[in-house]
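I opened this entry to look up three things: how the copies relate, what is enclosed, and what meets the DNA. The notes follow in the order in which I worked.

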There are 2 protein chains.
Amino acid sequence: MKKCNMKITFNRGARMKRAKKKIFHDFITRKGLKSTRQRDVILDYFLSSDRHMSIEDLYLKLRAKHPNIGYATVYRTLKLFAESGIAREIQFGDGQTRYEHVAEGEHHDHLVCTRCGTIVEFKNETIEKLQSEVAASHGFLIETHKLELYGMCAKCRK
Amino acid sequence: MKKCNMKITFNRGARMKRAKKKIFHDFITRKGLKSTRQRDVILDYFLSSDRHMSIEDLYLKLRAKHPNIGYATVYRTLKLFAESGIAREIQFGDGQTRYEHVAEGEHHDHLVCTRCGTIVEFKNETIEKLQSEVAASHGFLIETHKLELYGMCAKCRK
DNA sequence: TTGCTAATGATTATCACTTTCATATTAATC
DNA sequence: GATTAATATGAAAGTGATAATCATTAGCAA
Ligand SMILES: [Mn+2]
Ligand SMILES: [Mn+2]
Ligand SMILES: [Zn+2]
Ligand SMILES: [Zn+2]
């Protein structure tokens, strides 16, 4: 049973990776950019990393196997990921920019544990709808939004 | 009519200022800190400034009349304001920390125009309640939260 | 006043990026 | 496969906001 779930997760993960690689590659082509070894390596690492990773963390992880890839390239490449739509830049107020995986047309918000750093994702359609109403009542047109709940996770409360 | 409203606003503003000055002064005393000319001047400027002011802006405004007050002192003093409860630090993602006025026990969220920078405050009890429910369903205990809606304000849409 | 402590402000440091620029790589064309 | 023009890379220097340092000054209690 456990094995079965793992298999499913693995397959879904692999399919997702392939899809994102294609999206990024198409983006590169469309923009007249070049496909490079560095971009491929960084993409591979990003896709198999935590869902909310700081640039520093990703760079350190990379450096272990690819000491020749520069800091600047990692920064530049993550920006491209965001631009291509496979990643989103997020700030949890700790002074470090993080990049998270995004799926086409999906959106979610975050619960952030201020003790252990755990990040839980959630979706709430009712909240989203109310946000639109608030915006509308002020004549605003929402383009993006940010909802983050900071506090103590279940584990840290014990 | 207009005059009357202005009078009321002025009076409310003056009362509010006095109240905040007292809160800050009590805080200073309680913590064994010292009351200084700089702190008084900065507090006065802060209380009569925009509701969401960057440190830089406040510093420049101050410098016109008080060229002897240092940058570091402004930073330090605004932190004290936040600690004392009369101000709250906010980040709208433009790389500058802002400080906003807060009233005892009050909370509000923000609509931020990405074109002209206009900031509108709003409160929505239903959203707040739903946030608590989301947190509870994940075993989280919320300490603070951040809800910001970014987009185009009514004026900029025209 | 005196004496102790905290505050100030000029300066320097830090930290997370961002830019620069000489060199290397890519990919289209021949 | 060689040529070539354009983009990418990475080491290093630059930035901008904020924090720390430290010699000097100011508040305040006795
Ligand atoms: Mn997420
Ligand atoms: Mn506000
Ligand atoms: Zn936790
Ligand atoms: Zn606007």
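For the DNA entries I take a polar contact to be a pair of N or O atoms within 3.5 Å. The model is a predicted one.

**DNA strand C, single contacts.** I began with T36(B), where a polar side-chain atom lies 2.6 Å from a phosphate oxygen of DNA strand C. N68(B) reaches a phosphate oxygen of the strand at 2.6 Å too, but through a backbone N or O atom. For K34(A) I noted a polar side-chain atom 2.7 Å from a base oxygen of DNA strand C. The elements that give two or more residues to the surface near this strand are α4 (71-84) of chain A, and α2 and α4 (71-84) of chain B. The most comes from α4(A), which gives four residues.

**DNA strand C, the whole surface.** I then asked how many residues surround DNA strand C. There are 20, and the closest are Y75(A), K34(B), T36(B), N68(B) and R76(B). On the DNA side, sugar and phosphate make up 73% of the strand C atoms that come within 4 Å of the protein. Sorted by class, the residues near the strand are five nonpolar, nine polar and six charged.

**Cavity.** Next I looked for enclosed space and counted one cavity of 30 Å³ or more. The volume of the largest cavity is about 40 Å³. Which residues line the largest cavity? I listed F24(B), H25(B), I28(B), K34(B), S35(B), T36(B), R39(B) and D40(B). Two of these names, K34(B) and T36(B), I had already written down among the closest residues to DNA strand C. Both α1 (2-30) and α2 (37-47) of chain B supply at least two residues of the lining. The largest share, three residues, is from α1(B). By class I recorded two nonpolar, three polar and three charged residues in this lining.

**Relation of the chains.** Last, I superposed chain B on chain A: the rotation is 180 degrees, the shift along its axis is 0.0 Å, and the RMSD is 0.1 Å. That is how a two-fold axis relates two copies. I also checked which residue of chain B comes closest to the rotation axis. It is L147(B), with its C-alpha at 2.3 Å. Of the interface residues of chain B, 100% are also interface residues in chain A, so I noted that the copies meet through the same surface.

Terms used: Residues are numbered from 1 along each chain as its sequence is written. Chains are lettered from A and ligands numbered from 1 in the order in which they are written. This is a predicted model: local features need pLDDT of at least 70, side-chain atom pairs count only at pLDDT 80 or more; totals for chains, interfaces and linings use all residues. Side-chain values use heavy atoms; hydrogens and water are left out. Copies are superposed by least squares on the C-alpha atoms of residues with pLDDT of at least 70 in both. Contact means heavy atoms within 4.5 Å. On a 1 Å grid over the protein atoms alone, a cavity is a set of points where a 1.4 Å probe fits but cannot get out, and a pocket is an open set with protein on both sides within 12 Å along at least five of seven lines; lining residues have an atom within 4 Å of a point. Grid points are joined across faces, edges and corners, and a volume is the space filled by probe spheres set on the points. Ala, Val, Leu, Ile, Met, Phe, Trp, Tyr, Cys and Pro count as nonpolar, Asp, Glu, Lys and Arg as charged, and the others, Gly among them, as polar. A residue is near a molecule or strand if one of its heavy atoms lies within 4 Å of it. A polar contact is a pair of N or O atoms within 3.5 Å; within protein, one must be able to donate a hydrogen and the other to accept it, and residues adjacent in sequence count only if both atoms are side-chain atoms.
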